[in-house]
Amino acid sequence: MTELECPPEAVALEGLWTSVWETENDRYGPWHALNRGSCLVAADLRAEAQFAFEVLTIPAPEPSIQPTQWALVNVHSPVSVTTPVQRFDVELLGIPVVLEATATTFTWNFGDGSAPLTTQDPGRAWHEGDPIPDESWVGHTWTRKGTYPVTMTTTWQGRFALAGTDAWEDVDGDVTTTSTVGPIQVLEARSQLVDGTLG
């Protein structure tokens, strides 16, 4: 049988043959080709990739709040998260496939009854020399003292490709992971006059 040639974005599948048991002869009959091979592309595995993505265990990212364990009333606290693209090697119907998960949105719940903050911006951490974080930074300003649990839900979208190829197909829908930060203790600072310098 002539070897099947497939384009670079496909894999060759061997032909499928069948033989029927002949009761009267007490043996199998001649082999017949159901097909003589085919070229499989990523789109042919869309349904299997969809299911694999939905049940995939994606490690939840570790978000951060500055400061890490406390905050001050009426002072904006920046939040941020690092979410590199995650790749997973799987087999679908015996075919090696690469699944890729990309974070697209982040929903923060700051535990104080305020509306969740949903953004496509992963935020950024404050570093020495940066301006003081204000409302333009991804973050939150607590308005009253208390101890608050903070959660962040990451929404991931997926795509997949046959291993060794670069022909990617999108996965319909998305999946989410949830991370927990804190709890954060929100304190109230008071100013006080002193008759000398501190330190």
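Guide: Welcome! Two strands count as paired if DSSP finds at least two bridges between them. Strands (E, at least two residues) and helices (H or I, at least four) are themselves DSSP runs, numbered from the N terminus. The model here is predicted, with local features taken only at pLDDT of at least 70 and side-chain atom pairs only at pLDDT 80 or more, while totals for chains, interfaces and linings use all residues. Residues are numbered from 1 along each chain as its sequence is written, and side-chain values use heavy atoms, with hydrogens and water left out.

Visitor: Thanks! How many helices and strands are in the chain?

Guide: The chain holds one helix and 15 strands.

Visitor: In which sense, parallel or antiparallel, do E14 and E15 pair?

Guide: As a general idea, strands of a sheet pair through backbone hydrogen bonds, in either a parallel or an antiparallel sense. In this model, strand E14 (residues 146–162) pairs with E15 in the antiparallel sense over 13 bridges. Within that pairing, Gln157 stands opposite Asp174 in E15. The two strands form a hairpin with six residues between them, and Gly164 in the turn has a positive phi of about 85°. E15 also pairs with E8, this time in the parallel sense over three bridges; there, Ala71 stands opposite Val186 in E15.

Visitor: What is the strand order in the open sheet of three strands?

Guide: The order is E7-E9-E13, with antiparallel pairing. E7 and strand E13 (139–140) are the edge strands, each pairing on one side only. Between E7 and strand E9 (residues 77–80) there are two bridges, and Ser64 has Ser80 in E9 as its bridge partner.

Visitor: Let me turn to the backbone. Which peptide bond to Pro67 is cis?

Guide: The bond from Gln66 to Pro67 is cis, with omega near -10°. Pro67 sits in the loop between strand E7 (64–65) and strand E8 (70–72). The bond from Gly182 to Pro183 is also cis, with omega near 15°, but Pro183 lies in strand E15 (residues 169–187).

Visitor: Is Asp26, with its positive phi, buried or exposed?

Guide: The scale is relative accessible area: buried is under 20%, exposed is over 50%, and partly exposed is in between (1.4 Å probe, protein chains only). Asp26 counts as exposed because its relative accessibility is 59%. Its phi is near 55°, a positive value in a residue other than glycine, and Asp26 is found in the loop between strand E3 (21–22) and strand E4 (27–28). Leu93 likewise has a positive phi, about 55°, without being a glycine. The loop between strand E10 (86–92) and strand E11 (95–109) contains Leu93, which is exposed at 68% relative accessible area.

Visitor: And the interior: how many residues does the largest nonpolar core have?

Guide: A nonpolar core is a set of buried Ala, Val, Leu, Ile, Met, Phe, Trp, Tyr and Cys residues joined through side-chain atoms within 4.5 Å. The largest one here has 36 residues, and those with the most contacts inside it include Leu45, Phe53, Trp108 and Trp142. Helix H1 (46–54), E10, E11, E14 and E15 each supply at least two residues of this core, and E11 gives the most, with seven. Across the chain's 199 residues, 34% count as buried.

Visitor: Which residues is Trp142 in contact with?

Guide: Contact means heavy atoms within 4.5 Å. Leaving aside neighbours within four places in sequence, the partners of Trp142 include Ala71, Leu72, Phe110, Tyr148, Val150, Ile184 and Val186. For the chain, among contacts between residues at least 6 apart in sequence, 66% join residues at least 24 apart.
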